[in-house]
Amino acid sequence: MYGKTFCLAALLLVSGTPPASATPSTELKDPFFGEVLYYAHQHRYFDAVSRLDAELAQYHGVDEPLLDSLNFHINQAEFSVGDFELGYRMHQRAGRAISAVIEGNVPAAVRNEAIYRLARLLFQTQDYVNALHAIERIRGELPAGMENEIAFVKGQIYLANGRFGDAERIFAALEGQNGYRGFAAYNRGVSLFAQGQDARGAEAMDSAGSVPGSERETEAIRDKANLVMGSRLLEKGEAQLAGKYLERVRLEGPFSNRALLGAGWADVKREDYRHALVPWSLLFKRNVTDPSVQEALLGVPHAYAQLGLYGKSALLYGSALEKIGGELDKLDASIDSIKQGRFLQALVREEGRKDKEWVIRLRELPQTPETFYLMELMASNDFQAMLQNYLDLEELRLRLVSWGTDYAAYNDIIELRRRYYEPLLPSIDAQFRKLDSVIRLRMEQRERLDNKLKKMLVAPQPEFLATSRERVAKERIAGMEARLKGNRADADTLHRIERLKGVIQWDIATNYQARLTEAFDHLAALDKDIAALQETYASFVRTRQAATQSYQGYDEQIRRLGINTDNALATVNTLMARQGHLLEVMAVNELARRRQKLEEYQVQARFAMAENYDRASKARSQEETSRLDAGQKTPAKVPATGQPEPAKAKEAP
Amino acid sequence: MPRAIYGLLWIALQFAVPAQAEEVSREQIKGIDEQVQEIKKDVLSISSELKLLEEKLLYPSNTQVSLFVSLAGKEKFRLDSVEIMLDGKAVATHVYSFKELEALQAGGMQRIYTGNVQTGEHLLKVGSIGKGADGKEQHQAGEYRFKKGIGPGLVEINLAGPGERSSGIEFKDR
């Protein structure tokens with residue numbers, strides 16, 4: 001039973017490896033994907049997911065996605081959706097997104113990365129059995145640079161499923177890897193303890209507790225390992241060794257209060273009360289809302305009593321009672337404050353959006369007494385998940401409210417555009433139709449010319465390229481011939497006509513190639529003008545279309561969005577109320593638990609104080625009797641309170 | 001109080017699970033969590049549709065221009081602020097928070113401005129203030145002429161710290 005509790009506690013407390021980086025592996029080709037990353041790197045996952053969803057929808061909607069700039073990052077984008085959804089605590093959708101990649105036709109390394117991410121997701125949602133099934137599906141090539149990360153998560157999954165031997169082997173292999181030494185040793189120690197191999201477990205835990213490094217994570221795992229070792233040894237009665245481990249824990253880390261308390265108890269177990277006062281006196285001065293500090297309030301006078309300093313002990317019990325009384329009042333005030341809804345108000349204050357440590361800092365603010373005692377609760381997974389949900393719901397609520405006002409503005413814009421464009425468009429359309437018919441006619445003429453010229457390349461037609469002068473001249477000559485036909489023309493005249501016809505024909509025939517080239521040049525020049533005309537035409541069509549599109553076709557969409565927004569807002573408000581209530585219940589329960597504990601301390605302190613006063617009085621009277629017996633008749637000093645003064649001679653620890 | 005009890009009390013405290021009087025069950029927590037995930041999905045869907053609608057309504061592609069800020073050299077340059085003028089008119093200024101700077105250094109791109117311009121040539125002027133690796137404040141300025149075509153105009157403004165390359169501000173048509 002203990003082993004299982006210990007294991008789960010260890011699992012919950014050990015930090016995992018950092019999430020896979022969303023940094024693009026290649027140069028960014030798509031600025032909109034870059035924008036998605038910009039939000040994701042700031043943990044603004046709503047914005048990241050929302051934009052990436054829109055980007056992916058557009059990518060999959062275009063005719064040729066390969067030409068889309070997102071294509072350069074499509075694998076990363078498909079993965080990132082799942083990652084960002086996970087960051088936004090949408091486990092169900094993240095799982096579906098990752099499963100879609102696994103089922104797709106992708107290389108083994110990509111598929112394995114997707115399986116790994118799915119397994120990690122299932123592990124994070126405490127679905128350990130399915131996480132195990134998933135991680136064991138990894139076969140073949142692993143994604144480059146992620147081998148250790150995958151192995152570490154696999155080890156954690158084995159541990160959670162009770163496969164301690166498999167987990168131990170994985171962690172043993174990881175201990176040599178850079179950046180994993182402390183975590184791997186710690187988890188190997190947990191695996192060994194769970195298998196009942198205490199000696200080897202202690203060796204591994206000792207290694208984790210002495211791992212070198214000054215990074216925050218390394219220091220934390222070192223402290224954690226030493227605290228676990230100290231606790232186990234203390235439980236086994238090996239107080240001397242327990243003290244050695246507990247003293248290794250840093251004085252300013254998150255585990256320091258518990259370590260100081262344990263170090264004091266280790267000394268007490270060895271009956272070294274004087275030494276126990278050293279860590280406990282340090283604790284005594286710390287934030288009194290901490291459970292370890294509260295225990296030390298009783299521990300310190302207990303140690304003094306054991307040293308025979310009953311008077312000092314009684315006084316310190318009195319001081320502890322005073323503090324406990326103050327804390328009980330504070331707890332009552334906190335419970336009242338939570339019941340009045342102030343806890344939820346404090347959680348969603350503006351500062352929270354700027355500072356993710358805000359909830360922790362709340363404890364420091366005098367105006368938020370309801371949060372003083374919630375540190376432990378806030379560190380629990382369930383409370384954190386619920387708190388994050390509540391904060392997410394508040395963020396959604398603010399967005400929905402803002403969108404609700406946006407729709408009215410959009411409707412105004414659309415109405416203004418409608419009023420501006422609708423009177424203008426009929427006359428513009430009429431003019432455009434006239435121009436359009438002229439343009440179409442000219443385009444047809446150009447097409448005819450183009451066809452003719454192309455045919456002439458195959459079958460030369462010099463007559464088609466005769467100049468207008470030549471045509472007129474030929475017509476005049478033909479007219480002359482017709483007139484002379486009825487009359488008797490002299491041979492000279494006929495000869496001259498034939499000669500003129502010959503000259504014209506000669507010119508037409510000999511200039512044909514040059515004229516054909518010139519005609520093609522003119523056609524090319526015409527094409528340029530036509531291209532410009534077409535551009536103007538297209539631009540007009542686009543502008544005309546844009547004018548219409550700027551106010552048509554939105555009404556239904558905006559109306560539907562408005563309804564969806566209202567419905568979503570109603571749901572968000574309901575969920576916030578329910579989630580808020582659960583948070584309040586959990587907070588009040590936690591405070592009540594702490595209150596109960598303090599009340600127990602209060603009873604113990606009262607009894608112990610009375611007992612120590614009695615002992616002090618007894619000691620004083622014994623001392624007095626001894627003095628009287630020895631013939632010394634010095635009267636005992638009685639303080640104004642009527643209580644006997646503790647024995648001064650023995651007071652200094 | 002007997003020492004043994006104190007000892008046990010301390011050990012129990014290390015692994016204590018908070019006990020609740022009016023219990024909040026795991027089913028309740030799971031149930032509401034699933035509903036929260038559902039509403040997130042719905043709101044994301046509204047958000048994506050709204051984004052496309054806004055773009056179509058306010059920044060149609062034939063007039064849309066978007067300006068993106070990115071960092072070169074990543075870690076050495078501490079960008080403090082950026083000021084942008086488009087065709088002689090100030091269109092964007094931004095002072096960077098630490099989180100935003102980190103996001104840029106990690107490879108993100110900030111869409112600093114989206115607006116509407118006519119097709120044709122436009123003049124972009126950018127000024128930035130930042131600190132280099134030596135901690136000295138550095139003012140940089142650059143300008144760029146870009147041609148806006150029929151499609152949306154996308155320009156990346158890439159900023160680098162002092163000494164990282166010849167020009168502190170580079171522009172790329174996207």
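## Exercises on a predicted two-chain model

In this predicted model, B:Val65 has B:Gly153, a residue of strand E7(B), as its bridge partner.

**Exercise 1.** Determine in which sense strand E1 (residues 64–71) of chain B and E7(B) pair, and over how many bridges.

*Solution.* As background, the strands of a sheet pair through backbone hydrogen bonds, and they do so either in parallel or in antiparallel fashion. For E1(B) and E7(B), the pairing is parallel and extends over seven bridges. The bridge between B:Val65 and B:Gly153 joins a residue to its partner in E7(B).

**Exercise 2.** Work out how E7(B) pairs with strand E8 (residues 169–173) of chain B, and find the bridge partners in E8(B) of B:Ile157 and B:Asn158.

*Solution.* Begin with the sense of the pairing, which for E7(B) and E8(B) is antiparallel, over five bridges. Then look up the partners one by one: B:Ile157 is bridged to B:Phe171, while B:Asn158 is bridged to B:Glu170.

**Exercise 3.** Put the strands of the open sheet in chain B in order, and explain which of them stand at the edges.

*Solution.* The sheet is built from four strands in the order E4-E1-E7-E8, and its pairing is mixed. Strand E4 (110–116) and E8 of chain B each have a single partner strand, so one side of each is left without a neighbour in the sheet, and these two stand at the edges. From one strand to the next, the twist averages 20 degrees. The other chain also takes part here, since helix H2 (residues 31–41) of chain A packs on the sheet and touches E1, E4 and E7 of chain B, with a direction that makes about 55 degrees with that of E1(B).

**Exercise 4.** Explain why strand E7 (residues 153–159) of chain B is largely enclosed by the rest of the structure, and decide whether B:Ser97 is buried or exposed.

*Solution.* For the strand, count the buried residues: five of the seven in E7(B) are buried, so the strand is largely enclosed by the rest of the structure. For B:Ser97, first locate the residue, which lies in the loop between strand E3 (89–95) and helix H3 (98–105) of chain B. Next, compare its count with the cut-off: a residue is exposed if 12 or fewer other C-beta atoms lie within 10 Å. B:Ser97 has 11 such atoms, and it is therefore exposed. Across chain B, 24% of the 174 residues count as buried.

**Exercise 5.** Show why the buried residues of helix H9 (residues 164–174) of chain A line one face of the helix.

*Solution.* First list the buried residues of H9(A), which are A:Phe164, A:Ala167, A:Glu168, A:Ile170, A:Phe171 and A:Leu174. Seen down the helix axis, they fall within an arc of 165 degrees, so they line one face of H9(A). These buried residues pack against helix H8 (147–160) and helix H10 (181–194) of chain A.

**Exercise 6.** Describe the contact between the chains by residues, and say which helix gives the largest share of the side of chain A.

*Solution.* Chain A contributes 69 residues to the contact, and chain B contributes 55 residues. On the side of chain A, the largest share, 19 residues, belongs to helix H26 (residues 555–629). Sorted by class, that side of chain A has 35 nonpolar, 20 polar and 14 charged residues.

Methods. Residues numbered from 1 in each chain as written. Chains lettered and ligands numbered in written order. Predicted model: local features only at pLDDT ≥ 70, side-chain atom pairs only at ≥ 80, totals over all residues. Buried ≥ 20, exposed ≤ 12 C-beta atoms within 10 Å, placed from the backbone. Pairing = 2+ DSSP bridges. Contact = placed C-beta atoms within 7 Å. Nonpolar A, V, L, I, M, F, W, Y, C, P; charged D, E, K, R; others polar. Arc of directions from axis to C-beta. Axes fitted to C-alpha atoms, helices over the stretch in contact; angles between N-to-C directions.
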